[in-house]
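Got your viewer open? Let's take a short walk, one selection at a time.

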Amino acid sequence: MGAQKSVHAGKAKIDANVDFTHKLCAALRRPPLRSTGSPLSLITGSLCIKHPNLFGGSEKLDVSWDKGLYDSNVIIAFRRPRPEWLSQKCFVIQHSFSPEIGVHGTPIDNFSCSGSGGVNLSRISVGLDRNEPATSDWSSTTSIKFEHVQIVNDSWRSITRDIDGFPLTRSGSPHDNMVVLKQESQYAKANDHSFYRFRMQIEQGIPILSKWLIFNKFKFIATKGVKLGPAFLLASLAGGSIVGDMAPYQAFAIGGLGSVRGYGEGAVGSGRSCLVANSELTFPLNKMLDGAFFLDCGTDLRSARLVPGNPAMRQGKPGSGVGLGYGLRFKSPIGHFMVNHAINDFQQRTVYFGISNLNR
């Protein structure tokens, strides 16, 4: 479904991947977010450059670029060698561009899809990541970064308000600035019959200047998997909340693949708080094919009105929803393919296509 190529240039390694599969999957889903223009824009892919000894002292430089149909992400990471028992530090520069569908997208077809609201996020961040030495079950990462978030329309022009005239940023200008201190911790434990994983993330906005955002954002996800004979049951509970200053794009979006299936991205709701529960039972049909049944539910805990401009209310989002359905998981040498058929509270059916673990 694509092409992969690895090239060695001196000590550096270059991995390139061009993928046509996402074009097929996007064509099978609707609606398109915007006109894609050139046929080349329908190609997705990635480029990764790794240098293991940049200045002769085992310094590592990683440069990666991922391009989707409507989004892109560039990361430059530089690491100095340190003993394994010390925390590992990494200087990171990142630029991402993506449509803001979860909060400002427009639900259509009984909330089963989300169309573009003409709002896109261009985010630049510069900072330092620090990974603490992992214990047997715990691992943690601390980072501090400066972030510059700019709002643009589909023509890449800066905008300050949505189609209803409400501000898109906290500052009221086309961009927001913030310094974010983030702490992420994970606990994981597994045996031959089950596993458990708990991940918690706390973000604190530090007001270096008066117009910079100050907030505290908390997120968590707990996941439990258990073998039931040849079948496997996976259940998870995720949630979060944010207090202090916030822009609409920082709201928790509920709905879509990875959240509540049967709904479009963010079509259930978007709020200052959220709670989402997922359960899925998979069972083997043959060596390469698994079947699945799933049940998802989510709620904004009635916090949509606390988001600036209340975009969820203006778009008529219900604030809570349930989705259930079935699917197939196909394992192939080039990756894993997924098809889900889901139905939501409004009896609207949705089909999801997914691809993961493609060889590169």
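Start by colouring β6 (88-99) and β9 (120-131): each supplies at least two residues of a nonpolar patch. Bear in mind as you go that this is a predicted model. To see the whole patch, select Ile 76, Phe 91, Ile 93, Ile 124, Val 126, Leu 128, Ile 144 and Leu 181. They sit on the surface, and together they have about 590 Å² of accessible area. Which strand gives the largest share of this patch? That's β9, with 3 residues.

Now pick one patch member, Ile 144, and zoom in. Ile 144 belongs to strand β10, which covers residues 138-152. Its relative accessibility is 40%, so Ile 144 counts as partly exposed; the partly exposed class runs between 20% and 50%.

Next, click on Ser 143, also in strand β10. Is Ser 143 buried or exposed? Ser 143 is buried, because its relative accessible area is 6%, and the buried class takes in anything under 20%. While you're there, draw a distance from the C-alpha atom of Ser 143 to that of Val 180: you should get 8.0 Å, for two residues that are 37 apart along the chain.

Time for a pocket. Select Leu 234, Arg 261, Asn 278, Glu 280 and Arg 329, which lie nearest the centre of the second largest pocket. The full lining has 15 residues, and the volume of this pocket is about 390 Å³. Which strands should you colour here? Try β13 (215-228), β14 (231-244) and β17 (273-284), as each supplies at least two residues of the lining. If you colour the lining by residue type, expect 5 nonpolar, 7 polar and 3 charged residues.

Last stop: the backbone of a loop. Most residues other than glycine have a negative phi, so the next two selections are worth a look.

Go to the loop between β18 (289-299) and α3 (311-314) and find Leu 301. The phi of Leu 301 is near 55°, a positive value, and this residue is not a glycine. With a relative accessible area of 47%, Leu 301 is partly exposed.

Stay in the loop between β18 and α3 and move along to Asn 310. Here too phi is positive, about 45°, although Asn 310 is not a glycine. Is Asn 310 buried or exposed? Asn 310 is buried, because its relative accessible area is 14%.

How values were computed: Residues numbered from 1 in each chain as written. Predicted model: local features only at pLDDT ≥ 70, side-chain atom pairs only at ≥ 80, totals over all residues. Heavy atoms only, no water. 1 Å grid on protein atoms, 1.4 Å probe; cavity = no way out; pocket = protein on both sides within 12 Å on 5 of 7 lines; lining within 4 Å. Points joined across faces, edges and corners; volume = space filled by probe spheres on them. Helix = DSSP H or I, 4+ residues; strand = E, 2+ residues; numbered from the N terminus. Nonpolar A, V, L, I, M, F, W, Y, C, P; charged D, E, K, R; others polar. Patch = residues over 30% accessible without salt bridge, like charges linked within 9 Å, V, L, I, M, F, W, Y side chains within 5 Å. Areas by Shrake-Rupley, 256 points an atom, 1.4 Å probe, with all protein chains shown as cover. Salt bridge = Lys/Arg side-chain N within 4 Å of Asp/Glu carboxyl O. Buried < 20%, exposed > 50% of the residue type's maximum accessible area, 1.4 Å probe, protein only.
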